[in-house]
Amino acid sequence: MAAPTNGTTSFPQPMKATSEGAFQRENPLDFALPLAILQICMVVAFTRSLSILLRPLRQPRVIAEIIGGILLGPSAFGRNKKFLHTVFPTKSMTVLDTLANIGLLFFLFLVGLELDMRTLRRTGKKALCVALAGISLPFFLGIGTSFVLLETISKGVKAGPFIVFMGVSLSVTAFPVLARILAELKLLTTDVGRMAMSAAAVNDVAAWILLALAIALSGDSTSPLVSLWVLLCGVAFVAFAIVCLRPVLALMARRSLEGEPVKELYICITLCLVLAAGFITDTIGIHALFGAFVVGVVVPKDGPFAGTLIEKIEDLVSGLLLPLYFVSSGLKTNISAISGARAWGLLVLVVFNACFGKIAGTVAITRLFKVKLREALTIGFLMNTKGLVELIVLNIGKDRKVLNDETFAILVLMALFTTFITTPIVITLYRPARQAPPYEHRTVQRKDVETELRILACFHSTRNIPAMINLIESSRGNRRRGRLCVYAMHLMEFSERSSAISMVHKARNNGLPFWNKKRDDTDRMVIAFEAYKQLSSVSIRPMTAISALNSIHEDICTSGHQKRAALIILPFHKHQRMDGAMESFGHSFHLVNQRVLRHAPCTVGILIDRGLGGTTQVAASDVSYTVVVPFFSGQDDCEALAYGVRMAEHPGIQLTVVRFKAPPGKSLTTISEDGFPVNVVGIQAKEKSSKINSSGRDDDSDEAFLSECMARKKDESTTISYEEKVVASRTDIVEALKSMNKFNLFLVGRSQPMASLVERSDSPDLGPVGSFLASSEFSNKVSVLVIQQYNPTANPRPLVEEEDTEMPDNNIPDTPV
């Protein structure tokens, strides 16, 4: 019997994967792969451009991605039907949604990797109460709001799932987004930041549990037994992951040793487990995201295994695939669906209830713990941050027919508004990093040499630590215990990557930044400073700064002011390779040093390490260095000399001071009106030189300070030698400096009254002598410390506002910025 030709149902043909090319008269946009490539490139370029435009407003990237998704959808560009049907045709949405959900699947796996349950178990009573209050009140307000919406714009939907979805959407706090906002505002390691992060982590877990409940209730079946079975199977899957999957993952983690690459087989097995877990939870009826999240949670966090997993997948997922999810949400968001005064009034109601529930609930409970009102309000607004989890809730609700187009658009705008206002309001309410008490000793050179010397030593990798510790050991002198106090600040770059959250956990562990009560034996930075602290009489106080590199100088300068440091030591932006050549850490670190030199509240030293003391810490009894101070004139040279004299008090340090002089009737240079040298050495001067040198200091004061330092040669506890060199040209100075390359360490001022000693330099900010000593033309064995003395007139707008009241020395806060 022949098949009927009339009345049959015709189905649209699926898109082919690839085309045969334009020369075969085929449009690539009619095929799945080239269209997906175009969509990915357009989405990434558009959202990254928006992120750059919103950067002055200090908005997290998620805001740009949400706005970008809405603009590409039917609310803006999608109003042009030709654009929408060409770039985002209906037949391509299955491929786009699949790619977006795969990216989301692995992103939730990353979120689970960074959520350490041990941290949650250590959450204090205060943070736990804040989290519960920040969930409960907005959840109940969401339930109340749902009844209003059910009577107006959401008629016909199932009341039970809708009520739960509304409660969850109003009570969510975006943990990753909150961490980025805190890092941007320098609040990560403050009391406010710690409480907000702890509460947000608890809130995150509670939100996933509530979302699982909402999904279980939103099935098509009307029988409550089906929802019960879904929940029970979900609980059984979590138990299975803990009992069965965790031992397998722990075995692979134990076999992944520190310093060795993780086996490719282990990575492959773990990623397959993520996909398989997503399949199981999707089969149960919860969502594939839950399986991936649970696998991420049960992966052991110790050792290199978890970190390697993050490195392997985070850039591809966060950079390319995850933005597709925001566009997928934006294509479902039609703001024009919000029409009429009633709909906009409902939007105001939803936004008000969301903000009031979070802020009022948080403020009420924090005030019970006697938190100041300003700090309580700040925590409330921080907890009001929404983000990706909110969009996941809304998209699942829309896919399950729980949220219609108008309700979905209202809730998306609510999430966008509440996150957008967080940063400007918190900046207005709470800026503790900008205030500090005034202090006196901002330089090494001082009248009372018996006062305590405080040093802020910064480092950003293990390469910097041996030389930094050896320099600190050489600076302790022979004074009584406690005369040298060092704050060791670990500079950690906080990026847009999701793995930055795990770095925050490490820095905040047990409430102390960087210095953890429970230490990993492989953390060499902690071990090095702890060992030195135990073996020396120097007081070491570890700190951390977690910021983007374009603003981390604010952390350094503010911490230097709050700790009353006299000297900030920074690592040079280059390190020496095995072959002796200097290799850059990156131009961003060079800019960090330049900004600190401009804004520092005290003296700054930049350490060019060429193996000072070797690659390990030198014991105090084994310190034996020869140090030289090439002295020209000016306040920076005097500061370098003052630091050298202090080092000379160490029994293992031999200090040599070399005074550079011009021949009679000549000066080193002439100085232009803007203060920069314009001529080489050897310019003819008057018979008697001016009394004022390039730094604005009296020449006689430099000579007097030099004579005072040299008078200490008679002190048996110091080893100081002095010599003079007469130089008539730039060549003479270069040759004289090269002849001193047998010393271990140069202490040199940043600014001298002379022209540059090298034709070209990528480090002119080190001054004429410092830039020459930093070049490969000089030496590959001698370390250099370039010193700039604090000048109160050089920084008219400091980063720190000084308070009127003086803080006692014994009440200096140890919480870093």
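Modeller: A disulfide is a pair of cysteine sulfur atoms within 2.5 Å. Keep that cut-off in mind as we look through this predicted model.

Colleague: Happy to! What makes the sulfur of Cys-272 too far for a bond with the closest cysteine sulfur?

Modeller: The closest cysteine sulfur belongs to Cys-268 and is 4.2 Å away. A disulfide needs the two sulfur atoms within 2.5 Å, so this pair does not qualify. By this rule the count comes to 0 disulfides.

Colleague: Why does Cys-272 count as partly exposed?

Modeller: Its relative accessible area is 45%. Buried means under 20% and exposed means over 50%, so a value in between is called partly exposed. Cys-233 is partly exposed for that reason too, because its relative accessibility is 34%.

Colleague: And why does Thr-173 count as buried?

Modeller: Thr-173 has 0% relative accessibility, and under 20% is buried, so the label fits. You will find Thr-173 in the loop between helix H7 (159-171) and helix H8 (175-184). Leaving aside residues up to four places away in sequence, Thr-173 touches several others, among them Leu-178, Ala-200, Asn-203 and Leu-382.

Colleague: What joins the side chains of Thr-173 and Lys-358?

Modeller: A polar contact of 2.8 Å. The cut-off for such a pair of N or O atoms is 3.5 Å, so 2.8 Å falls within it. Along the chain, Thr-173 and Lys-358 are 185 residues apart, yet their C-alpha atoms are separated by 9.1 Å.

Colleague: Which other residue pair is 231 residues apart along the chain?

Modeller: Asp-97 and Ser-328, with 6.5 Å between their C-alpha atoms. Asp-97 lies in helix H4 (residues 93-114). Asp-97 is partly exposed because its 23% relative accessible area is between the 20% and 50% limits.

Colleague: Now some helices. How do you know that H17 and H18 are roughly parallel?

Modeller: Helix H17 (residues 405-420) and helix H18 (residues 422-429) pack at an angle of about 25 degrees, with axes 5 Å apart. Angles under 35 degrees count as roughly parallel, and therefore H17 and H18 get that name. Thr-418, Thr-419 and Phe-420 of H17 make the contact with Thr-422, Thr-423 and Pro-424 of H18.

Colleague: What makes H11 roughly perpendicular to H13?

Modeller: The axes of helix H11 (residues 264-284) and helix H13 (residues 304-332) cross at roughly 75 degrees and come within 11 Å. The range from 65 to 115 degrees counts as roughly perpendicular, so H11 and H13 earn the label. Residues in this contact include Tyr-266 and Ile-267 of H11, along with Phe-305 and Thr-308 of H13.

Colleague: Which residue in the loop between helix H16 (388-399) and H17 should I look at?

Modeller: Try Lys-401. Lys-401 has a positive phi of about 65 degrees although it is not a glycine. Lys-401 is called exposed because its relative accessibility is 67%, and the cut-off is over 50%.

Colleague: Is Arg-564 buried or exposed?

Modeller: Arg-564 is buried, because 9% relative accessible area is under 20%. Arg-564 also has a positive phi, about 60 degrees, without being a glycine. Look for Arg-564 in the loop between helix H22 (552-562) and strand S5 (567-571).

Colleague: Finally, how many helices and strands are there in the protein chain?

Modeller: There are 27 helices and 14 strands. Of the chain's 817 residues, 56% count as buried.

Notes
Residues numbered from 1 in each chain as written. Predicted model: local features only at pLDDT ≥ 70, side-chain atom pairs only at ≥ 80, totals over all residues. Heavy atoms only, no water. Helix = DSSP H or I, 4+ residues; strand = E, 2+ residues; numbered from the N terminus. Buried < 20%, exposed > 50% of the residue type's maximum accessible area, 1.4 Å probe, protein only. Contact = heavy atoms within 4.5 Å. Polar contact = N/O pair within 3.5 Å; in protein donor to acceptor, adjacent residues only side chain to side chain. Axes fitted to C-alpha atoms, helices over the stretch in contact; angles between N-to-C directions. Parallel < 35°, antiparallel > 145°, perpendicular 65-115°, else oblique.
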